[in-house]
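Hi everyone, and thanks for coming. I'd like to walk you through a structure that is new to most of us, so please take a look at it first.

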Amino acid sequence: MLRRALTFLLAVLVVGFVASLVYFNSQPTTLQWAPRQEITMPLAWLILGSTGSGALLVFLVLLAREGHWALRLWRVVRALRASERNAARRSEARASLLAGRHAKARTLLAKTAIGAGAHLDDALDYAETFLDEGRAAEARNHLEETRQELGDDPRILHALARCCRAEGDHAGAVAALDRAVESMPASIALQLLLRDSLVDLGWWSRAEVAQQRLVDLLPADRTQRQRLIEIRMKAAESGDAAEREGALRGVLAMDPSWPAAATARAAMLAAEGRRRSALRVLVRAANRRPA
């Protein structure tokens, strides 16, 4: 009630002030607003007009400023709501994928998983629906299209390699993984998949390099060291004399008592007439592994 009374009193004072201003300044005044343009009006009206024009200009500036902030707020709210809707849709799609409803998951992901504006995570989940159904060829085609749009992202290449392996195309998997490893050489998942693909192809020299990287990344993992020895022995069996010698040396450097490597290296040395060297290799292995 007090606020209304004060507002009414202020309005009365403003009206009185304007009325007195008009009453005391009623004499005519000429306003020239161009070289040959002028207008004659009471001084009071001129004062009120200029004041009103200034107030209107300030009002327009404030309106533009508030409109700009309102537009920015509307855009932020719209983006936030779109993000919430996308998050809910992705969550539902992943739940459908887990439940085995692959067609529904693809329907939910199709809008943001295909085309120029494809989202990387959605595109990968879309391909995963095909892989889970055993449709590796369709998953591969989708990932190839995604690769053209988003480039050689390591996650795309990793998923593409999995599709190639599911189709039995281990060479294609190696080609994709080589590019992925260039971007992420410290990725254990990429190195493991590359190692397995090379082993399936029987490319033992390259498999040895990949396995050596795994040993470097996992120095405390004895399983990886054991796997490196096995791959080096395979490389020794399939390579020429120089590769065989290098592989056997590498195995014996890791484990001088490895029986197959020690006997094979001793046989090579004996064939070259280096019987003492062959004997030293065998004695060192026998001392470490008497059984």
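Let me start with a term we'll need: a residue is called buried under 20% relative accessible area, exposed over 50%, and partly exposed in between, using a 1.4 Å probe and protein chains only. Please keep in mind that this is a predicted model, where local features need pLDDT of at least 70 and side-chain atom pairs count only at pLDDT 80 or more, while totals for chains, interfaces and linings use all residues. Residues are numbered from 1 along each chain as its sequence is written, and side-chain values use heavy atoms, with hydrogens and water left out.

Now the overall picture. The chain has 13 helices and 2 strands; these are DSSP runs numbered from the N terminus, with helices being H or I of at least four residues and strands being E of at least two. Of its 291 residues, 32% are buried.

Let's turn to a pair of helices. At what angle do α5 and α6 pack? Helix α5, residues 136–150, and helix α6, residues 154–167, pack at about 155°, and their axes are 9 Å apart. Here axes are lines fitted to C-alpha atoms, for helices over the stretch in contact, and angles run from 0 to 180 degrees between N-to-C directions. That angle makes α5 roughly antiparallel to α6. As for the cut-offs, under 35 degrees is roughly parallel, over 145 roughly antiparallel, 65 to 115 roughly perpendicular, and the rest oblique.

Which residues of α5 and α6 meet? Among them are A136, L143 and T146 in α5, and I156, L160 and C163 in α6. By class, this contact has 12 nonpolar, 1 polar and 4 charged residues. In that count, Ala, Val, Leu, Ile, Met, Phe, Trp, Tyr, Cys and Pro are nonpolar, Asp, Glu, Lys and Arg are charged, and the others, Gly among them, are polar.

Let me pause on T146, which sits in helix α5. Is T146 buried or exposed? T146 is buried, at 4% relative accessible area. Leaving aside neighbours within four places in sequence, T146 is in contact (heavy atoms within 4.5 Å) with A113, A123, G151 and I156.

A second helix pair is α9, residues 204–217, and α10, residues 222–238, packing at about 165° with axes 9 Å apart. That makes α9 roughly antiparallel to α10. Residues that meet here include W204 and L214 in α9, and L228 and I231 in α10.

On to charges. Side chains of opposite charge can pair when their charged atoms come close. A salt bridge here is a side-chain nitrogen of Lys or Arg within 4 Å of a carboxyl oxygen of Asp or Glu, and the structure holds 21 of them.

One of these salt bridges joins E66 and R65, with the closest N and O atoms 3.3 Å apart. E66 is partly exposed, at 47% relative accessible area, and R65 is partly exposed too, at 48%.

Another salt bridge joins R165 and D200, with the closest N and O atoms 2.9 Å apart. This pair links distant parts of the chain: R165 is in helix α6 and D200 in helix α8, residues 188–201, and they are 35 residues apart. R165 is partly exposed at 25% relative accessibility, and D200 is partly exposed at 43%.

Finally, R106, E133, R135 and E138 are joined into one network by salt bridges that share partners. Thanks for listening!
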